[in-house]
Amino acid sequence: MLPFIDIPGIHLLYTITSVLLISVLTRLVLYVSQHMMRTAVSTWKVTLVSLGTGLSAVLATYSFTLSIDAGSAPQATWLFFIVNFFLSSISGALILRVVRSPIGNTRHDLLISLLLAALIYLLHMLTPISLYPNLLDVHLVEVLTSMVLTQSTIFTLFRFLNMYTNGEQMKWSKPLLLFGSLMSGIAIVGLGYCIFAAFTSYQSALSYSLYFMLPTVIVLFSNTVLTVIPLLYRNRALVTTHQLYQSLFNDNPNAVLAVEKDGSILHANKESEFLTGFNEDAIKRMDAAALFLDKEIFQDHLNILSNGGSHQWNTKICRSGEQIDVHVTGIPTIVKHHIVGYFLVIKDISQTIETAKQVEFLAYHDDLTKLPNRRLMQQQMQEYADKGTSFSILLIDYDLFKRINDIFGHSFGDKVLVETAARLNRILDGKGTVNRVGGDEFLLIVPGESATRLAQYIVEQFRQPMRLQDYEHVLQASIGIASFPEHAEDMDNLYKYADIAMYQTKEKGGNNYTVFQPEMAEKQVLRFEIEHELQEAIETQAFDLYFQPKFHSFTHTITGAEVLLRWNHPERGFIPPNIFIPIAEESGLIVAIERSVIERVMACLSKWREETDECTIPCISINVSVITFLQDDFSSFFRDQLNHFNLNGSLLELEITERVVMQNENKINSILQKLRETGVKISIDDFGTGYSSLNYLDKLEVDILKIDQTFIQHIEYNQSIVATIQSLAENLKLHTIAEGVETEAQLQALRGLGCTEVQGYLFSKPLPQSDFESSYIMHIPADA
């Protein structure tokens, strides 16, 4: 043997080998156990580490036996090493399990260390009993001392391993970790020498000191080092943790109070001072309940926290006489399974609540006028109905409001709406509610039975000009009235009936009110049914073409004809144009109807040209509504149809109303120019019934003025008006046609005024296509 230090009975080389083996084994256990804390480790890996522990223990024991000079060779047997390997493997597996247990339970740590100490003590005791039976000499004091030393060593090692494995917040340096592993190896090997010495005989006092006292001192030193290292790191971890929680407490954006169980405040962060208005010293002298508006409710919530779980609630605190809405999160402070106080995290939610109120307000109110909207209106109506209170609703729509937006812009229109809302509120004077339910629609909910007087008063008040930005405007209100429970008990129907009554007012000219009547609903249903049937009639071409001839007022010869539509419904019978035409216009179906008429008339002209002399074909005029005329592709559609039927536009005349003329002047002129390029003539129908036509006549390229029949029926009283229209047309080089001529006296008066073309029942009523063809197409002389 080659001892490095000449100490009798100890060969240092083998001792160092044993220390290194145990140190490496300790480091391996630390690595694997911490790896097991982070990820799941398969059973075979744990088994492999356990077997490696057993093998390392066998090698360490063998080195240990070689390092002892016992005066005779060890009587090593295979059975001893097998038992050693088996028990060491069990110890390795057990260590891997127990070091992963949570830190802090001293009783648990002590019990586990007792088990491990007994197992390790048994392993070390087997060495002298199994290998050196001739040297056995039990010393009771040394045995008890070695047992205590083994227990303290294993407890210290277990705490070291456990704190490293579980102490994720503690940053262990590699050199110190290796040093700890080395100390573990020295302590385990030293225990071996101590236990061996306790069971063998001593030759002298010096051998006692070398074999027992020296290893004991070394083990005690190693235990001390292994105790100090975790404590240093634990203290450092505690300081770090304290700083982390201190930062969380002090730098929290919310107010945080540390409150004792009796409600007194221990600590408060800076945000608490800002939220409560008290400085930290003043807060610490207060009871937490004193900060809150309702102290009894606060105490109730503290009682809930005393059950051990966190709790949240909304309440109010007082700050300089101001009430602030806050959200409180209470967290019990638990020490050794006992609640010793609470953390109160207080967040100012006054802005959040204010925002929520604004969102709720906008959900039930109009953003522009701040009036209740349709949703709140329905709730108010239902509340009246649930209470059995009779009330009326007045649905108000302002006539021609769109023109204000078109002329002055939407921002100006918004100001008009705001002023309108203010007017209606002043009129009601708190005796009802004003709601904005649409663009220019307002709805008044008025309890009681004074709705008609109120409606009349509103109409009169709105005749007073509204002055805004140096402009005066007079709004005309169309009002529909429906009452609960007289007209309906269902709120949807009640609103629908008011809407029906309001449109009835519009049909009568507006600027008035109408009280709903049951027959109005029937009429509305009829309109709906007719609208639906109109679509089918368009697809099946169920409309009949009628032609009303036009005549020369002096020669009585035909000069043209106006095409009219008639609808003979298979179930309803004859439906007059004044019934289905307005419905078609409102629904937009008029475009398809009038385009179909244009195609059919051109088809007739094409057929007549093939069957007779083209010179004998009269000019056919077709009425075109404002909706159809203002379609972007109308002029191209008209031109395409002419090309399709190979017709000249001079065979056709398009009649437009003054409503068309009142639209955008540039767009109208653009459309008229494209149409006139085809040769078609343009006439203004019902001339004289509008209020701005004269301003446009010198700007629009039209050919004919049709004098409205309302002037012709009482021409004896309107002769000056007809004369003015005739004179105006002559000055503008326009042709005139008088419609609705029914008597000889009317004809003579028109002749006297110079009107050369007339139309009316005096000459012919509208004729079906076949009658018109047989009377005026096939028998017209070529020179007529």
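**Entry 1: ground rules**
Helices and strands in these notes are DSSP runs, numbered from the N terminus; a helix (H or I) needs at least four residues and a strand (E) at least two. I am working on a predicted model.

**Entry 2: backbone oddities**
With those names settled, I looked up His-556, which lies in the loop between β13 (543-552) and β14 (558-569). His-556 is not a glycine, yet its phi is positive, about 60 degrees. Is it buried or exposed, or something in between? His-556 counts as partly exposed because its relative accessibility is 38%, and that class runs from 20% to 50%.

Asp-429 was my next stop, in the loop between α14 (410-428) and β7 (433-436). Asp-429 is no glycine either, and its phi is positive at about 55 degrees. With 59% relative accessibility, Asp-429 counts as exposed, since exposed means over 50%.

I also checked for an unusual peptide bond and noted the one from Phe-484 to Pro-485, which is cis, with omega near 0 degrees. Pro-485 belongs to the loop between β11 (476-484) and α16 (491-507).

**Entry 3: strands around β5**
Which strands does β5 (residues 338-348) pair with? I noted β1 and β4. Strand β1 (residues 255-260) pairs with β5 in the antiparallel sense, over six bridges. Strand β4 (residues 322-335) also runs antiparallel to β5, and 10 bridges join them.

Gly-341 of β5 caught my eye: it is the bridge partner of Glu-260, and Thr-333 stands opposite Gly-341 too. β4 and β5 form a hairpin with two residues between them. In that turn, Lys-336 has a positive phi of about 50 degrees.

**Entry 4: rings**
How many aromatic pairs does a search of the whole structure find? The search gives 18. I opened the pair of Tyr-398 and Phe-442: the centres are 6.2 Å apart and the planes stand at 75 degrees, so the pair is edge-to-face; the cut-off for that label is over 60 degrees. The pair links distant parts of the chain, with Tyr-398 in strand β6 (residues 391-399) and Phe-442 in strand β8 (residues 441-447), 44 residues apart. Tyr-398 and Phe-442 are both buried.

Next came Phe-629 and Phe-634, a tilted pair with 5.9 Å centre to centre and 45 degrees between the planes. Phe-629 is buried, as is Phe-634.

I then followed ring pairs through a cluster that links Phe-547, Phe-551, Trp-608, Phe-763, Phe-772 and Tyr-776.

Two arginines went on my list as well. The charged end of Arg-375 sits over the ring of Tyr-364, 5.6 Å from its centre. The charged end of Arg-566 sits over the ring of Tyr-546, at 5.7 Å from the ring centre.

**Entry 5: a cavity**
Searching the whole structure for cavities of 30 Å³ or more, I got two. I spent my time on the second largest, which holds about 60 Å³ of space.

What lines the second largest cavity? I listed Ala-537, Ile-538, Gln-541, Phe-543, Leu-565, Ala-592, Ile-593, Ser-596, Val-597 and Arg-600. By class, the lining divides into seven nonpolar residues, two polar and one charged. α17 (518-540) and α19 (590-611) each supply at least two of the lining residues. The largest share, five residues, comes from α19.

Methods:
Residues numbered from 1 in each chain as written. Predicted model: local features only at pLDDT ≥ 70, side-chain atom pairs only at ≥ 80, totals over all residues. Heavy atoms only, no water. 1 Å grid on protein atoms, 1.4 Å probe; cavity = no way out; pocket = protein on both sides within 12 Å on 5 of 7 lines; lining within 4 Å. Points joined across faces, edges and corners; volume = space filled by probe spheres on them. Nonpolar A, V, L, I, M, F, W, Y, C, P; charged D, E, K, R; others polar. Pairing = 2+ DSSP bridges. Phe/Tyr/Trp six-rings, centres within 6.5 Å; stacked < 30°, edge-to-face > 60°. Buried < 20%, exposed > 50% of the residue type's maximum accessible area, 1.4 Å probe, protein only. Lys NZ or Arg CZ within 6 Å of the ring centre and 35° of its normal.
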